[in-house]
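Welcome! Let's look inside a protein together, one question at a time.

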Amino acid sequence: MGQNKNLVPMSSPDLEASDIEAVLSTLKTNYLSIGPKIIAFEDMFCTFTGAKHAIGVNSGTAGLHLCIRAAGIEQGDYVITTPFSFVSSTNVILFEKAIPIFVDIDKQTGNIDAEQVAQAARDIQLGNPEKAQRWMPRQGDGKTGHLKSILPVDVFGQPADFNKLREVAASHELTLIEDSCEALGAMYEDQPAGMLGDFGVFAFYPNKQITTGEGGMIVTNNDQFAERMRALRNQGRAPGDTWLQHTYLGYNYRLDEMSAALGISQMERVEQLLQKRQQVADWYNTKLSAIKGIETPYITPATTRMSWFVYVIRLDPALDRDRTAEMLISAGIPVRPYFLPIHLQPYIAKQFGYHEGDYPVTEDIGRRSLAVPFSGIMTEAQVDRVCETIQNTLPRV
Ligand SMILES: Cc1ncc(COP(=O)(O)O)c(C=O)c1O
């Protein structure tokens, strides 16, 4: 993709000398894993979100997988989720040979359509096979599974419709797993993202609001789930197990001390990091809303604080998104089609028999969306350059 001729990077971590020093000083200690930094990093998340427990892991995917395990999701179980997301939110369901039940999304926010979630839960749980069939993958295994959980995603840093989702989860006794990997710092009706369901998961890849290189964090108020997830993260060692005793089948999902040290240093200025991203989004909102043929992101009133992960525009259906993307890339502006729908990813379409037309809102938005360069360290001049290039490119499409 011609990385070197990019005039602006697609994304950049926001690192300062203090971040680098935090990692270097950790390297000079005896603790490179399972030491004091991970504990301090977790404590910061308890303070930041108000969670009783925070469990550091080595990726957001690992965190979501532990939630799936802790929720007791097994082969053949159903989990209602969104096809408009990064693939991890569905992959963790597949890791346990459970079955993702996709429902389409709200066309304004791009988040899972909570009314459809309610309908799917009712149809599946009330045991009417004909009605339940509507929600099933075209190519199932013919067996009837148990609906266990809902896994919504706070897409692009905007929380899903949790009032409704919580109501559905409570009335059908389902666990609610919040994929908040893109939404650290967001607020839903003044409640922190990550704390809106039974578990929440954040991710810290370098394009995220804070970074640890690779890393993630689970937050929950549930003592039992937290204890189980701590054990599973650490090769299945339950409290009291020695290094070579393993009560459960577990994983090495531990976050190392250098990463945790970077995380602490980043969390110390998380408000500033979020604020800088807000400023860049504000510049884009103003400058792009003047360009015909472009829709800027919609923020619903329930989102009392947006946490900008990426800045994704939607093009008018009359414009050719892929051609626009090519032209912008060749003009030195990297852009990405966010998201290619999960149900159409080759391995999912093959396993479950999905094809175009199955989730029309997801497909329409997936077809028209473009993420533009975005980070907290972008300057207004860089934003201007992106916007001007878009303006000059669009009419010629
Ligand atoms: C919605 C969503 N879920 C899960 C993940 C997975 O996080 P990680 O890359 O840390 O495994 C991401 C990361 O980009 C994401 O955007």
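Q: How much space lies in the largest cavity?
A: This is a predicted model, where local features need pLDDT of at least 70, side-chain atom pairs count only at pLDDT 80 or more, and totals for chains, interfaces and linings use all residues. Residues are numbered from 1 along each chain as its sequence is written, and side-chain values use heavy atoms, leaving out hydrogens and water. A cavity is a set of points, on a 1 Å grid over the protein atoms alone, where a 1.4 Å probe fits but cannot get out; points are joined across faces, edges and corners, and the volume is the space filled by probe spheres set on them. For the largest cavity, that space is about 70 Å³.

Q: Which helix gives the largest share of the largest nonpolar core?
A: A nonpolar core joins buried (under 20% relative accessible area, 1.4 Å probe, protein chains only) Ala, Val, Leu, Ile, Met, Phe, Trp, Tyr and Cys residues through side-chain atoms within 4.5 Å. The largest one has 40 residues. Helices here are DSSP runs of H or I, at least four residues, and strands are E runs of at least two, numbered from the N terminus. Strand 1 (53-57) and helix 8 (223-233) are among the elements giving two or more residues to this core, but the largest share, six residues, comes from helix 3.

Q: What is the bridge partner of Tyr311 in strand 13?
A: Strands pair if DSSP finds at least two bridges between them. Strand 12 (residues 311-315) and strand 13 pair in the antiparallel sense over four bridges. In strand 13, Leu370 and Val372 are buried on one side, with Ser369 and Ala371 buried on the other. The partner of Tyr311 is Val372.

Conventions. 1 Å grid on protein atoms, 1.4 Å probe; cavity = no way out; pocket = protein on both sides within 12 Å on 5 of 7 lines; lining within 4 Å. Buried < 20%, exposed > 50% of the residue type's maximum accessible area, 1.4 Å probe, protein only.
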